[in-house]
Amino acid sequence: MNDQLALKVPLAQAAPLRKLVADNIRNAIIEGKFAPGVRLKEHELVSWTGVSRTSVREAPRQLEAEGVVDNIPNRGPVVASVTPDEARCHYAVRASLEALAAQSAAENVSKAHASRLKQISADLKKSYDRGSVEQMLKVKNQLDDLLLEMSNNALLVGFLQVIHARLAYLRPLVLKQGDRLRENVEEIGAIVDAIVAGDGKKAAKAAQAHVQRGAEATLKLLAVDGSKA
């Protein structure tokens, strides 16, 4: 396993180590560090997290229950992929949840939040100008994290993190389709503007539209890949 992935789980945490390990693995999947089909080898996870084999062994079980990991006979836990039908369902739920997150963010926005949002929007534009899909994904992840933080809704955060993890491997592929890079800048700009203005309804509508456009591009991509199989 790449040494750059090494994350040490804080031992002085109230949460069970199993949850902390699962959170680290899920975040790594969201960030694209684990691709679909990659086997989560126990000894590598122990080295990566610095915790016991027992805690590492339990974490994939939690992720399996979430649908983020598949347990393959004679192989063990691997990062899951999604079928077109699963993707359609995930995006339908994601659209509603991200609309709620954006609305909540608009209702809770502070001057500090507004400043960070404007910077993220500017960074996204710079990433687009450079044509860097990798950098754009990093900025989009920063935006996701900030909106979840601003939502002040732990249940919403938990649901969206699972959906983000399941769809994470598709994001760079979809961004390379057609005009999705440019459209992302425009769509996210509209979300940010509405949140900064404190307009919850407009923010929710913009967030929902952004996810729906992403869903359309993703399903087209999966349909093409399926026809090649």
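Helices here are DSSP runs of at least four residues, numbered from the N terminus. With that in hand, let's walk through the structure, bearing in mind that this is a predicted model.

Start with the whole thing. The protein has ten helices and two strands. Reading from the N terminus, you meet the elements in the order α-α-α-β-β-α-α-α-α-α-α-α. The radius of gyration comes out at 18 Å, close to the 17 Å that the globule rule gives for 229 residues, so the protein is as compact as a globular protein of that length. If you drew a box around the C-alpha atoms along the principal axes, the box would be roughly 50 × 50 × 30 Å. Of the 229 residues, 45% count as buried. The chain also folds back on itself a good deal: take the contacts between residues at least 6 apart in sequence, and 75% of them join residues at least 24 apart.

For a close-up of that kind of contact, look at Arg-26, which sits in helix H1. Is Arg-26 buried or exposed? Its relative accessibility is 4%, and anything under 20% is called buried, so Arg-26 counts as buried. Setting aside the neighbours within four places in sequence, Arg-26 is in contact with Gln-62, Leu-63 and Glu-66, and also with Gln-161, Val-162 and Ala-165.

Now move along the chain to the aromatic rings. A search of the whole structure turns up one aromatic pair. The partners are Phe-34 and Trp-48, with ring centres 5.5 Å apart and planes at 80 degrees, so the pair is edge-to-face. Phe-34 lies in the loop between helix H1 (17–30) and helix H2 (42–49), while Trp-48 belongs to helix H2; the two are 14 residues apart, and the pair links distant parts of the chain. Phe-34 counts as buried, at 5% relative accessibility. Trp-48 is buried too, with a relative accessible area of 3%.

Next come the pockets. The largest pocket has a volume of about 560 Å³. Its lining is made of 22 residues, and those nearest its centre are Ile-30, Glu-31, Gly-32, Leu-137 and Asn-141. Which helices supply at least two residues each to this lining? They are H1, helix H6 (133–151), helix H7 (154–167) and helix H8 (171–175). H6 gives the largest share, with seven residues. Sorted by class, the lining of the largest pocket has ten nonpolar residues, five polar ones and seven charged ones.

The second largest pocket has a volume of about 190 Å³. Its lining includes Gln-177, Asp-179, Arg-180 and Glu-183, along with Arg-213, Glu-216, Ala-217, Lys-220, Leu-221 and Val-224. Helix H9 (180–196) and helix H10 (200–228) each supply at least two residues of this lining. The largest share, six residues, comes from H10. What is the class make-up of the lining here? Six residues are charged, three are nonpolar and one is polar.

To retrace the route on the model, begin at Arg-26 in helix H1, then find the Phe-34 and Trp-48 rings. From there, go to Leu-137 and Asn-141, which are among the residues nearest the centre of the largest pocket, and finish at H10, which provides six residues to the lining of the second largest pocket.

Key: Residues are numbered from 1 along each chain as its sequence is written. This is a predicted model: local features need pLDDT of at least 70, side-chain atom pairs count only at pLDDT 80 or more; totals for chains, interfaces and linings use all residues. Side-chain values use heavy atoms; hydrogens and water are left out. Rings of Phe, Tyr and Trp (its six-membered ring) pair if their centres lie within 6.5 Å; planes under 30 degrees apart count as stacked, over 60 as edge-to-face and the rest as tilted. Buried means under 20% relative accessible area, exposed over 50%, partly exposed in between (1.4 Å probe, protein chains only). On a 1 Å grid over the protein atoms alone, a cavity is a set of points where a 1.4 Å probe fits but cannot get out, and a pocket is an open set with protein on both sides within 12 Å along at least five of seven lines; lining residues have an atom within 4 Å of a point. Grid points are joined across faces, edges and corners, and a volume is the space filled by probe spheres set on the points. Ala, Val, Leu, Ile, Met, Phe, Trp, Tyr, Cys and Pro count as nonpolar, Asp, Glu, Lys and Arg as charged, and the others, Gly among them, as polar. The radius of gyration is taken over C-alpha atoms; the globule rule is 2.2 Å times the number of residues to the power 0.38. Contact means heavy atoms within 4.5 Å.
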